[in-house]
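The following exercises are to be worked through with the sequence and the structure at hand. Each task is followed by a solution in steps.

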Amino acid sequence: GFVTDSIEHALSAGDVARAARVVEKCRRDELAADRWYAVERWLAMLPADVKQQRPELLLTEAWIANCRFHVARIPTIVESVERLLRDQTAEPTVWGELAYFRGFLEYWEGQAECSQQHLEESLSKLSGEKSPYEGEAELMLGLALSMNGQEDLAIQRLEDRIERLDPAEGQLLSRLLAGLAFIHLVCGELHLA
């Protein structure tokens, strides 16, 4: 449970790869608890060249940029991850995170259909993983569907997911509810929002 100490210990021993693995292993739980600032501190402890060689660390930087609303940083990070993954194998969740960021960026570029496709791909790889990324993908998919003129489908999907959700999944629930509220606001349904 002493993640920072573990990272410091590995770095003191000159084992940068081990320190990077600690961050990769522990990032999801911290991000799921909305403690992205702790993960940001861990990343800052690692050498820049190590972060540039590891897709999960780069994706972690993208999540932090997302939390800080530094959206302009994300395209460069996504390009770096894509370049790395051409030569490496990765877990499905890593591909799911990458698909999320593609869909996220396409949404903000007004490309509703492409965004929807990438976000659906993201959810197919992230569902059931109990990851913090699933909630973000659900929220953005709802917005992409709404942008694509499918508000009713977006609302129905989010409401169905909320009904099936374990109440202990607070982070996911917050994103699903946010998606509903945003869609109702965009549609001018203030009383429902």
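**Exercise 1.** Which side chain is joined to that of Arg27 by a polar contact?

*Solution.* The model is a predicted one, in which local features need pLDDT of at least 70, side-chain atom pairs count only at pLDDT 80 or more, and totals for chains, interfaces and linings use all residues. Residues are numbered from 1 along each chain as its sequence is written, and side-chain values use heavy atoms, with hydrogens and water left out.

Step 1. A polar contact is a pair of N or O atoms within 3.5 Å; within protein, one must be able to donate a hydrogen and the other to accept it, and residues adjacent in sequence count only if both atoms are side-chain atoms. The partner is Tyr133, whose side chain meets that of Arg27 at 3.2 Å.

Step 2. Arg27 belongs to helix 2, residues 16–32. Helices are DSSP runs (H or I, at least four residues), numbered from the N terminus.

Step 3. Arg27 counts as buried because its relative accessibility is 0%. The classes are buried (under 20% relative accessible area), exposed (over 50%) and partly exposed (in between), with a 1.4 Å probe and protein chains only.

Step 4. Contact means heavy atoms within 4.5 Å. When neighbours within four places in sequence are left aside, the contacts of Arg27 include Trp42, Glu56, Glu97 and Tyr133.

**Exercise 2.** State where Glu30 and Arg35 meet in a salt bridge, and examine the pair formed by Arg161 and Glu134.

*Solution.* Step 1. A salt bridge is a side-chain nitrogen of Lys or Arg within 4 Å of a carboxyl oxygen of Asp or Glu. The whole structure holds 12 salt bridges.

Step 2. Between the side chains of Glu30 and Arg35, the N to O distance is 2.8 Å. Glu30 is buried, since its relative accessible area is 16%, whereas Arg35 is partly exposed at 34%.

Step 3. Arg161 and Glu134 also form a salt bridge, at 2.7 Å from N to O. Arg161 lies in helix 10 (residues 151–164) and Glu134 in helix 9 (residues 132–147), so the pair ties together parts that are 27 residues apart in sequence. Both residues, Arg161 and Glu134, are buried.

Step 4. Salt bridges with shared partners join Arg27, Glu56 and Glu97 into one network. Of these, Glu56 lies in helix 5 and is partly exposed, with a relative accessible area of 21%.

**Exercise 3.** Why does Cys67 form no bond with the closest cysteine sulfur?

*Solution.* Step 1. A disulfide is a covalent bond between the sulfur atoms of two cysteines. The criterion applied is a pair of cysteine sulfur atoms within 2.5 Å.

Step 2. The closest cysteine sulfur to that of Cys67 is in Cys26, 17 Å away, and is therefore too far for a bond. The structure holds 0 disulfides.

Step 3. Cys67 is partly exposed, with a relative accessible area of 31%.

**Exercise 4.** Is Phe69 buried or exposed?

*Solution.* Step 1. Phe69 is placed in the loop between helix 5 (55–67) and helix 6 (74–85).

Step 2. With 72% relative accessibility, Phe69 counts as exposed.

Step 3. Phe69 is not a glycine, yet its phi is positive, at about 60 degrees. Asp34, a residue other than glycine, also has a positive phi, near 60 degrees. Asp34 lies in the loop between helix 2 and helix 3 (36–45).

Note on methods: Helix = DSSP H or I, 4+ residues; strand = E, 2+ residues; numbered from the N terminus.
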